[in-house]
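Got your viewer open and a selection box ready? Let's walk through this one stop at a time.

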Amino acid sequence: MVIRKLNKIIAFNSYFSVLFCLFLIFFCTPQNMAVSASEPSAKKNAEHIILIDVNELQLYLIDKDTKNTVKKYSIAVGALDSPSPLGTWKVTSKGQWNEGFGGRWLGLNVPWGIYGIHGTTRPSSIGSYASHGCIRMFNTDIKDLYSKVNIGT
């Protein structure tokens, strides 16, 4: 009798643990933890294009209509053992985080992980291959970029 009750308790705790882990995975992502994970007031049509040159370690903000460079920023990208994802991505979330991420986060729709553009507590890493895949910027630069970029860029 005691063993059956103990088995039921263990089974319930295992079930609860799995549910709790799923909750953490789906709801505690950087996009959802951000203060303003999505901004309904942001235009759905991006007015800019972001081009990241991993060889030059530069991020270019380009006017979508004229194709002219609006601004150029120095960045850090992924280290050799944790490279930044190459491809065409969209900004899917914007968040105001603590100063560890320079106060701002631009989440990208990379399907195999959580990647974004953010600031850093290590400004000396800018201009190098130093991150775990995200694009790092000077904190003043990410705040500037954040103010210019809409979800969908």
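What follows is a short tour of a predicted model, with something to select at each stop.

**Stop 1: the salt bridges**

How many salt bridges does the structure hold? There are two. Select Asp144, Lys71 and Lys148 together, since these residues are linked in a network of salt bridges. As a reminder, side chains of opposite charge can pair when their charged atoms come close.

Start with Asp144 and Lys71, where the closest N and O atoms are 3.1 Å apart. This pair links distant parts of the chain: Asp144 belongs to helix α3 (residues 139–148) and Lys71 to strand β3, with their positions 73 residues apart in sequence.

Now swing over to Lys148, which meets the side chain of Asp144 at 2.6 Å, N to O. Asp144 and Lys148 are four residues apart in helix α3, so about one helical turn separates them.

Turn on the surface if you like. Is Asp144 buried or exposed? Asp144 counts as buried because its relative accessibility is 19%, and the cut-off for buried is under 20%. Its two partners are both a step out from that: Lys71 is partly exposed at 34%, and Lys148 is partly exposed too, at 28%.

**Stop 2: Met137**

Next, select Met137 in strand β8 (residues 135–137). With a relative accessible area of 0%, Met137 is buried.

Which residues does Met137 touch, if you skip those up to four places away in sequence? Show everything around Met137 and you should find Leu59, Tyr73, Ser74 and Ile75, then Ile117, His118, Gly119 and Thr120, and also Ile126, Ile142 and Leu145. Put a distance label on Ile126 while you are there: its C-alpha is 6.6 Å from that of Met137, and the two residues are 11 apart in sequence.

**Stop 3: a pair of tryptophans**

The count of aromatic pairs comes to one. Select Trp89 and Trp112: their ring centres are 5.5 Å apart and their planes sit at 80°, so the pair is edge-to-face. Trp89 is in the loop between β3 and β4, while Trp112 is in the loop between β5 (105–108) and β6 (116–118), so the pair ties together parts that are 23 residues apart in sequence.

Color these two by accessibility. Trp89 comes out partly exposed at 23%, whereas Trp112 is exposed at 55%.

**Stop 4: charges over a tyrosine ring**

Go to Tyr146 and look at its ring. The charged end of Lys94 sits over this ring, 4.3 Å from the centre. Add Arg104 to the selection, and you will see its charged end over the ring of Tyr146 as well, 5.3 Å from the centre.

**Stop 5: Ser82**

Finish in the loop between β3 (69–78) and β4 (91–95), which is where Ser82 is placed. Ser82 counts as buried, because its relative accessibility is 16%.

What is Ser82 in contact with, leaving aside neighbours within four places in sequence? Select Ser131, His132 and Gly133, and you have the answer.

Technical notes: Residues are numbered from 1 along each chain as its sequence is written. This is a predicted model: local features need pLDDT of at least 70, side-chain atom pairs count only at pLDDT 80 or more; totals for chains, interfaces and linings use all residues. Side-chain values use heavy atoms; hydrogens and water are left out. Helices (H or I, at least four residues) and strands (E, at least two) are DSSP runs, numbered from the N terminus. Buried means under 20% relative accessible area, exposed over 50%, partly exposed in between (1.4 Å probe, protein chains only). Contact means heavy atoms within 4.5 Å. A salt bridge is a side-chain nitrogen of Lys or Arg within 4 Å of a carboxyl oxygen of Asp or Glu. Rings of Phe, Tyr and Trp (its six-membered ring) pair if their centres lie within 6.5 Å; planes under 30 degrees apart count as stacked, over 60 as edge-to-face and the rest as tilted. A charge sits over a ring if NZ of Lys or CZ of Arg is within 6 Å of the ring centre and within 35 degrees of the ring normal.
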